[in-house]
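This report describes the arrangement of secondary structure elements in a predicted model. Please examine the structure below before reading on.

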Amino acid sequence: MHFITASYSNSYASMLAVCLQSIVDNVQKNNITVYWQDTDDDIICALQQLWPYISFVKTAYDISGSSCKKIPMKMQLWTEAIEKAWNDSLCFIDNDTVICQTPESLLRDSDVIFTDKDEQFQINTGVVLVNPSKTTIAFFQDWMQETMRIVRDERLLQQAVSPINPYGAADQMALHRLLGYKKEKKIYSYHTTCGEVRLIAVPCSQYNQTNSVPLSPDIWIYHYKGGWRDILFYGRHSPYRPACECWPMQILYLNIYRKVLRAMRAHNVAEDTIKKFCIYTPHYYDMRHGKLRRFKLWKRLCSDKIKSFLAPMNFTTVL
Ligand SMILES: [Mn+2]
């Protein structure tokens, strides 16, 4: 399997590094390509130094404007990649992911695999698998064109990102529309000028976990999307992603991140460059033993403090 990811800005350098480290550690070293642009050369050089076997391909797409315009641009990269890569199945993956197992076996009975969930935004394109062929190229060209049409039309773009619609992004809306997606339906057939493409929807809960959940060997890919950015970059949690629920996935992330930093120092990467790979580390991360147990203890102590504070006011029963 050939893994393909992308980087369009410096701000995601650390996420890209963690994603690559997870593929190298858990899946494979060969056959990883990073399409990149608008990213500092020293960031790419540092990554190349760590993993000389990864291909970094510089692109020059017109990627400007807000993130709801930028992110769907990945469809252009994907279409370019699939046109170039013929001899291997492909895994297109967002760089805000951690890969624990290779999802290759999923492609046995289909041409394209995407992930979905029974939530407001149903399809998530952070993980997409493809068997390259003339028909899948034709399908990706159609998908890209539909995505670009949505991105260029302000009214359609608003529909794509509106929280009352089931899409969440222009490329997801495009796929929704091309397939006539319904959440009950898992197998799709799409007609191209070159023939039929068979697509299967597999559950996000296993292959593209976008929520904050306890770690499990059944989860092959974790996707640190949405509110995770504020948590990983600034330590800012939200009511949807509270610290206690996020902690197991955050430890997983920080452990990989620390490994990347250690490798960079071992390769004598300049400190000014290393500073560009920043991820927020909470103070309780560095407790040496039984990190999770300590965190639970810390949480209990905090809630005990709140209880003793509220006790004189007779609020304890509420807690
Ligand atoms: Mn993502």
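Which residue of β4 is the bridge partner of Phe3? The partner of Phe3 in β4 is Cys91.

## Domain division

The model is a predicted one. The protein is divided into domain 1, covering residues 2–223, and domain 2, covering residues 292–319. Between the C-alpha centres of domain 1 and domain 2 the distance is 43 Å.

## The eight-stranded sheet

Eight strands form an open sheet with mixed pairing, in the order β3-β2-β1-β4-β7-β6-β9-β8. Its edges are β3 (55–58) and β8 (187–192), each of which pairs on one side only. On average, and with direction ignored, neighbouring strands of the sheet are turned by 25 degrees against each other. As a general matter, strands of a sheet pair through backbone hydrogen bonds, in either a parallel or an antiparallel manner.

Both kinds of pairing can be illustrated here. Strand β1 (residues 2–7) runs parallel to strand β4 (residues 90–93), and three bridges join the two; the pair Phe3 and Cys91 belongs to this connection. Strands β8 and β9, by contrast, run antiparallel and are joined by six bridges. Within that pairing, Tyr190 of β8 stands opposite Val197 in β9. The link from β8 to β9 is a hairpin of two residues.

## Helix α7 on the sheet

Helix α7 packs on this sheet, where it touches β6 (112–116), β7 (123–130), β8 and β9 (195–203). The direction of α7 makes about 70 degrees with that of β7. Among the strands touched by α7 is thus the edge strand β8.

## Packing of α5 against α7

Helix α7 (residues 170–179) also packs with helix α5 (residues 134–152), at an angle of about 125 degrees and with the axes 8 Å apart. Because of this angle, α5 is oblique to α7. The crossing of the two helices is right-handed.

On the α5 side, the contact is made by Asp142, Trp143, Glu146, Thr147, Ile150 and Val151. The α7 side contributes Ala170, Asp171, Met173, Ala174, Leu175, Arg177 and Leu178. By character, the residues of the contact of α5 with α7 comprise eight nonpolar, one polar and four charged.

## Summary

Helix α7 therefore has two packing partners described here: helix α5, to which α7 lies oblique, and the sheet, through β6, β7, β8 and β9.

Key:
Residues numbered from 1 in each chain as written. Predicted model: local features only at pLDDT ≥ 70, side-chain atom pairs only at ≥ 80, totals over all residues. Axes fitted to C-alpha atoms, helices over the stretch in contact; angles between N-to-C directions. Helix = DSSP H or I, 4+ residues; strand = E, 2+ residues; numbered from the N terminus. Parallel < 35°, antiparallel > 145°, perpendicular 65-115°, else oblique. Left-handed = near helix turned anticlockwise from the far one by under 90°. Contact = placed C-beta atoms within 7 Å. Nonpolar A, V, L, I, M, F, W, Y, C, P; charged D, E, K, R; others polar. Pairing = 2+ DSSP bridges. Domains from an automatic or database assignment.
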